[in-house]
Amino acid sequence: MDEKSSTKKGPEFCSLRYGLAFIMHFSNFTMITQRVSLSIAIIAMVNSTQLHGLPNASTEGPLADTVNNPSRSMKEFNTEASVYEWSPETQGIIFSSISYGIIVTLIPSGYLAGIFGAKQMLGAGLLISSLLTLFTPLAADFGVILVIVIRTIQGMAQATQSQPFPVFISAFLSLFSSGAAFGSFIILCVGGLISQALGWPFIFYIFGSIGCVCCLLWFTVIYDDPMHHPCISVQEKKYIVASLAQQSSSPRRSVPIKAMVRCLPLWAIFTGFFSHFWLCTIIITYLPTYISSVLHVNIRDSGVLSSLPFIAASSCTILGGQLADFLLSRNLLRLVTVRKLFSSLGLLLPSLCAVALPFVASSYVTTIILLILIPGTSNLCDSGFIINTLDVAPRYASFLMGISRGFGLIAGIISSTATGFLISQDSVSGWRNVFFLSAAVNMFGMFFYITFGQAEIQDWAKEKTLTRL
């Protein structure tokens with residue numbers, strides 16, 4: 001009896017599963033830093049206050065000045081790295097190119113993982129992304145086309161991280177997911193400091209090198225079969241065997257595609273994802289550029305200020321989840337009411353902040369407060385439509401979450417490209433149009449979800465029982 005209970009509950013601390021979850025957290029952290037690194041580096045890469053050369057080519061100012069003035073410090077030389085004449089439209093295409101790669105490889109990566117194994121796919125994706133990050137400064141010297149190609153391939157490599165978790169590691173999913181928020185905070189906070197002290201290429205060199213170290217750790221510590229791991233204990237081995245047996249015993253289900261396409265509650269979720277990721281992608285991608293151009297601060301301060309919203313985002317995610325659980329546990333509100341309430345707040349509040357931004361641009365403090373509130377209040381959606389697939393179709397939640405993420409990626413592609421086009425016309429009116437358009441998209445998503453959103457299991461998602469006579 002005791003042996004049976006011990007296999008149900010594996011070792012909780014200092015176990016192999018904790019080590020695996022930490023490595024996955026580190027890999028997720030690394031990939032996010034490599035994805036967001038261009039957002040902070042591009043401020044220095046296209047700094048219009050420095051000398052300009054040919055389009056999409058580096059200027060020769062720093063080298064020439066150093067030759068003519070030998071007393072010039074090496075620090076000044078490093079900080080004035082190559083500068084490129086990339087228009088805002090071009091920047092928008094560069095930013096969105098990584099999403100093209102992710103969405104193209106989203107489905108094939110799962111198929112390839114079944115052939116080669118999750119360890120090889122995740123490790124290869126991380127290695128390719130890290131090497132391409134190291135190569136990015138050199139690619140920029142060759143031209144913008146090569147940068148777009150590299151970012152697209154990097155997105156294809158990073159799509160491998162969206163693989164399903166085995167049962168024995170799913171309990172540590174929050175530790176893995178936290179790597180994304182932590183990575184975004186670190187790269188924006190530290191990236192500006194690195195660029196000012198060493199030059200923007202070192203942002204890619206440092207975080208690309210960290211990715212290579214993580215790859216070495218990944219292929220050394222992670223095993224395809226945990227049963228063959230040299231550090232696994234007997235107790236944990238029994239627990240994993242029992243978990244895998246439970247996972248493999250679950251029957252395969254056919255996906256009712258036609259019923260899903262006709263299901264308005266699902267389309268309400270997809271629309272919510274599209275609206276939510278539209279504004280979130282703009283904030284993640286263009287926040288350092290906006291702070292630098294509107295508040296006229298240097299790249300160091302821009303990076304530090306850009307990292308603050310991610311603290312608010314993480315805090316609101318935790319507080320929103322606690323509040324939603326409180327309302328449900330005390331039976332104060334129905335489940336569908338909670339989902340619509342938090343979805344509405346997560347779409348309405350950031351829209352109000354975004355619309356107010358152009359009118360308070362002259363106030364430094366107010367602008368920063370609103371920029372912090374946008375991603376913070378947006379994450380209230382995590383207790384709304386973000387997890388609504390678990391309510392309407394729990395049997396197909398993983399599949400539907402993948403589809404929802406695809407809608408979010410499409411929104412990111414469109415919003416990044418549209419933002420680059422709008423701010424290229426005129427900086428002041430362009431940013432105003434960007435925020436007004438984002439608010440309109442959010443409002444459409446909010447009203448659509450309020451109208452058609454549900455929290456009951458749909459008929460096509462229910463377990464069908466056969467009655468034998």
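These are my notebook entries on a predicted model.

**Entry: helix 12**

I started with helix 12, which spans 264–294. I looked up its burial: 25 of its 31 residues are buried, so the rest of the structure largely encloses this helix. Next I checked for bends. Helix 12 has a kink of about 65° at Y286. The proline P288 follows shortly after that kink.

**Entry: cavities**

I searched for enclosed space. A general point first: rolling a probe the size of a water molecule over the atoms shows where empty space is left. I found two cavities of 30 Å³ or more. I followed up the second largest, with a volume of about 30 Å³. Which residues line the second largest cavity? I listed I282, I283, Y286, L287, Y290, L371, W431 and F435. Helix 12 and helix 18 (427–452) each give two or more residues to this lining. The largest share, five residues, comes from helix 12. I note that Y286 turns up twice: the kink of helix 12 lies there, and Y286 is also in the cavity lining.

**Entry: nonpolar surface patch**

I then went to the surface. V255, I257, V261, L264, W267, F399 and I403 form a nonpolar patch there. Together they have about 560 Å² of accessible area. Helix 11 (257–261), helix 12 and helix 17 (397–425) are the elements that give two or more residues to the patch. I picked F399 for a closer look. F399 sits in helix 17. Its relative accessibility is 37%, so F399 counts as partly exposed.

**Entry: positive phi**

I scanned the backbone for positive phi outside glycine. H296 came up, with phi near 55°. H296 comes just after helix 12, in the loop that leads to helix 13 (299–329). Is H296 buried or exposed? Its relative accessible area is 66%, so I logged H296 as exposed.

N331 also came up. It is not a glycine, and its phi is positive at about 55°. I placed N331 in the loop between helix 13 and helix 14 (335–356). N331 has a relative accessible area of 68%, so I logged it as exposed.

**Entry: salt bridges**

How many salt bridges does the rule count? I got three.

I took R339 and D391 to begin with. Their closest N and O atoms are 2.6 Å apart. R339 lies in helix 14 and D391 in helix 16 (residues 389–392), so this pair ties together parts 52 residues apart in sequence. R339 is buried, at 7% relative accessible area. D391 counts as buried too, at 12% relative accessibility.

I then checked D301 and R300, whose side chains meet at 3.3 Å, N to O. D301 counts as partly exposed at 29% relative accessibility. R300 is also partly exposed, at 34%.

I closed the list with D459 and K462, at 3.4 Å, N to O. D459 is exposed, with a relative accessible area of 62%. K462 counts as partly exposed at 41% relative accessibility.

**Entry: T133 and M31**

My last lookup was a pair in space. T133 and M31 are 102 residues apart in sequence. Their C-alpha atoms are 9.9 Å apart. T133 belongs to helix 6 (residues 118–142). I checked its accessibility: at a relative accessible area of 1%, T133 is buried, since the cut-off is under 20%.

Technical notes: Residues are numbered from 1 along each chain as its sequence is written. This is a predicted model: local features need pLDDT of at least 70, side-chain atom pairs count only at pLDDT 80 or more; totals for chains, interfaces and linings use all residues. Side-chain values use heavy atoms; hydrogens and water are left out. Patches are made of residues with over 30% relative accessible area and no salt bridge: like charges are joined within 9 Å, nonpolar side chains (Val, Leu, Ile, Met, Phe, Trp, Tyr) within 5 Å. Accessible areas come from the Shrake-Rupley method with a 1.4 Å probe; for residues, only the protein chains shown count as cover. A salt bridge is a side-chain nitrogen of Lys or Arg within 4 Å of a carboxyl oxygen of Asp or Glu. Helices (H or I, at least four residues) and strands (E, at least two) are DSSP runs, numbered from the N terminus. Buried means under 20% relative accessible area, exposed over 50%, partly exposed in between (1.4 Å probe, protein chains only). The bend at a residue is the angle between axes fitted to the seven residues ending there and the seven starting there. On a 1 Å grid over the protein atoms alone, a cavity is a set of points where a 1.4 Å probe fits but cannot get out, and a pocket is an open set with protein on both sides within 12 Å along at least five of seven lines; lining residues have an atom within 4 Å of a point. Grid points are joined across faces, edges and corners, and a volume is the space filled by probe spheres set on the points.
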